[in-house]
Amino acid sequence: MNFKLLSAGLCACILLMFSMNSCRKEGFITDSSASLVFSQDTVLFDTVFTTLGSTTKVFKVYNNFNESILISSISLPENSQYVFNIDGVDGPVVENIEVLPNDSLYVFVEVTIDPGNANLPFLIEEDIVFVTNGNTQNVHLMAYGQDAYFHGGLGGLNVIANCNEVWMNDKPHVIYGILAVDSACCLTIQAGTQVYVHAKSGIYIYKGCINIDGDLGNEVVFQGDRLELQYANIPGQWGIQLDFVVQTGFGPEIASVSRGGIWLNQSTGSVIDYAIIKNGGIGIQIDTTGVAAGYALEIKNTEIDNMSAIGLWSQGGSITGFNNLITDCAQSCAAFTIGGKYRMDHCTFGNYWNLGARTAPTFYVNNYYEDINQNLQIRTLEQAEFRNCIMYGSNASIEDFNEFVIDLENPELQNYFFYYCLLDSDIDVDNDLSHFQQIKKQVPFFVDPTIGDFHVPSNADTRMEGNAAGTLSGTNFDLDNLFRENLLYVKGCYRKNN
């Protein structure tokens, strides 16, 4: 056998094969509708940073087609605090990345943050942008720029808090998703704690309790987790949202139901003292009394402000409290619905919402609901006793609009009493000594409610006068912890200025 001839023949074949492969044009999908698939659409860096924060996450990019696909570019914004690596190539821009048929590739993302930099926004959000055949897709990146305790998880997961957990005030607390407090357990939050809540997130208490133990000047503050200046006064940034699939004539669609940012379901006796709750959807929601005696919630010295729906909402719940300031909501400052039990003193419900038209009254009470068969279901209003309160708003000047609404079925069987209150209503609130006593239907005398100052000036007239008889224990001091002397004793959460 001629080995030299055989070797020459083999070399020629090999060269021919390489030549054929090098001349063959690689085929790619060119359809602009062809999309990549990602292992996750959001990457959350939820590590608690204690020093210079640096951590890496990974996600996968899939080509589920039977042909190769060419990613024209993968990029981050200019001056991004994130970096990525794909196939050994570093960003912030990588071009012409091929993904073989039914194959995938890894993207490694890193963020480096100094958690002590107070000038950073609390939440740093950016997108990695993928462009394929002119089709743009993105993966969202989220990292917290300051040191904090983190509660909850990615994707709105329902995470159960440790039973009888205590939140310290040494670092902020961040809620991402729904944090649940289970039955027979209690969550305690120390004075001065700053709580930042992500969109669609909040605290759900089921047959348990929450104790918010703030002090004057050292309040517990709940707000959204976007700390950039432009978010300082935007309502609706947080609050529990439940999403579920419904079948329609056009196919399945996602429906959403909003619930309280702090949602108490059959609470066994919660206490909120000196809290500030702002910029959410529904501030506090109380469903169905969970205590045989007493109240599901005692709320005092607390401010609820700038809600995109309702400040304080009860559905058959029970609430007591005093010195509360509930202001500027897109719907009602307070809605006490489907009956229940309420005893509140020296509260200011002032709705001067100016971010759009408002059709709901500032203050609303009813004792019924309509079931899915359009049948009226009536629940007893066991008690609705409000003393030295103000229920008023900017819509009082509108003809045929009432800021104070009592809407009751079988009213003769319901127990309600308003004493030394100032309100706006067309109903007869003369002194019947059964439901109304010493009621004023006049514009309240505030310093300037349009800028959120609901203090009572020293020149306020008799319309603002209150009465100490029968008030709850503790109301001898106002929301500013100033003593309510006789000459300074007025309606609302503040005494009259000297």
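**Entry 1: Lys300 and its partner**

I looked up Lys300 first and found it buried, with a relative accessible area of 17%. This is a predicted model, and I read every value below as computed from it. Lys300 forms a salt bridge with Glu298, and the closest N and O atoms of that pair are 3.4 Å apart. Glu298 I noted as partly exposed, at a relative accessible area of 28%.

**Entry 2: other salt bridges**

I then asked how many salt bridges the structure holds. The search returned eight.

I took the pair Arg226 and Glu125 next; their closest N and O atoms are 2.5 Å apart. Arg226 sits in the loop between β20 (220-224) and β21 (241-248), while Glu125 belongs to strand β9 (residues 123-132), so this salt bridge ties together parts that are 101 residues apart in sequence. For Glu125 I read a relative accessible area of 26%, which is partly exposed.

Asp461 and Arg463 also meet through their side chains in a salt bridge, at 2.7 Å from N to O. Asp461 counts as partly exposed at 31% relative accessibility. Arg463 is buried, with a relative accessible area of 19%.

I also noted a network of salt bridges that links Arg343, Asp345, Glu385 and Arg387.

**Entry 3: disulfides**

I searched the whole structure for disulfides and recorded two.

One of them joins Cys163 and Cys185, with the sulfur atoms 2.1 Å apart. I checked the torsion about its S-S bond: the value is about -105°, so the disulfide of Cys163 and Cys185 is left-handed. Cys163 lies in the loop between β12 (158-160) and β13 (166-167), and Cys185 in the loop between β15 (178-181) and β16 (186-190), so the bond ties together parts that are 22 residues apart in sequence. Cys163 is partly exposed, with a relative accessible area of 45%, whereas Cys185 is buried at 11%.

Cys186 and Cys209 form a disulfide too, their sulfur atoms being 2.2 Å apart. I read -130° about the S-S bond here, and the link of Cys186 and Cys209 is left-handed. Cys186 is in strand β16 and Cys209 in strand β19 (residues 209-213), so this pair ties together parts that are 23 residues apart in sequence. Cys186 counts as buried at 10% relative accessibility, and Cys209 counts as buried at 11%.

Counting bonded cysteines along the chain, I wrote the pattern down as 1-2, 3-4.

**Entry 4: cysteines without a bond**

I checked Cys347 and found it in no disulfide. Which cysteine sulfur is nearest to that of Cys347? It belongs to Cys389, and the distance is 4.7 Å. The cut-off for a disulfide is 2.5 Å between sulfur atoms. Cys347 is buried, with a relative accessible area of 0%.

For Cys493, the closest cysteine sulfur is in Cys347, 7.7 Å away, which is too far for a bond. I noted Cys493 as buried, at 0% relative accessibility.

**Entry 5: strands and sheet**

I listed the secondary structure of the chain: one helix and 43 strands.

I traced an open sheet of ten strands in the order β11-β14-β17-β20-β25-β28-β31-β34-β39-β42, and its pairing is parallel. Which strands are at the edges of this sheet? They are β11 (149-152) and β42 (422-423), each of which pairs on one side only.

Inside the sheet I looked at β14 (residues 173-176) and β17 (residues 194-197), which pair in the parallel sense over three bridges. Tyr196, in β17, is the bridge partner of Val174.

**Entry 6: the chain as a whole**

I compared the radius of gyration with the globule rule. The chain has 30 Å, well over the 23 Å that the rule gives for 498 residues, so it is more spread out than a compact globule. The box filled by the C-alpha atoms is roughly 125 × 55 × 45 Å along the principal axes.

How many of the 498 residues, in percent, count as buried? I read 50%. The chain exposes about 23,100 Å², and carbon and sulfur atoms supply 50% of that area.

Last, I looked at the contacts with a separation of 6 or more: residues 24 or more positions apart account for 62% of them.

Note on methods: Residues numbered from 1 in each chain as written. Predicted model: local features only at pLDDT ≥ 70, side-chain atom pairs only at ≥ 80, totals over all residues. Heavy atoms only, no water. Salt bridge = Lys/Arg side-chain N within 4 Å of Asp/Glu carboxyl O. Helix = DSSP H or I, 4+ residues; strand = E, 2+ residues; numbered from the N terminus. Buried < 20%, exposed > 50% of the residue type's maximum accessible area, 1.4 Å probe, protein only. Pairing = 2+ DSSP bridges. Rg over C-alpha atoms; globule rule 2.2 N^0.38 Å. Contact = heavy atoms within 4.5 Å. Areas by Shrake-Rupley, 256 points an atom, 1.4 Å probe, with all protein chains shown as cover.
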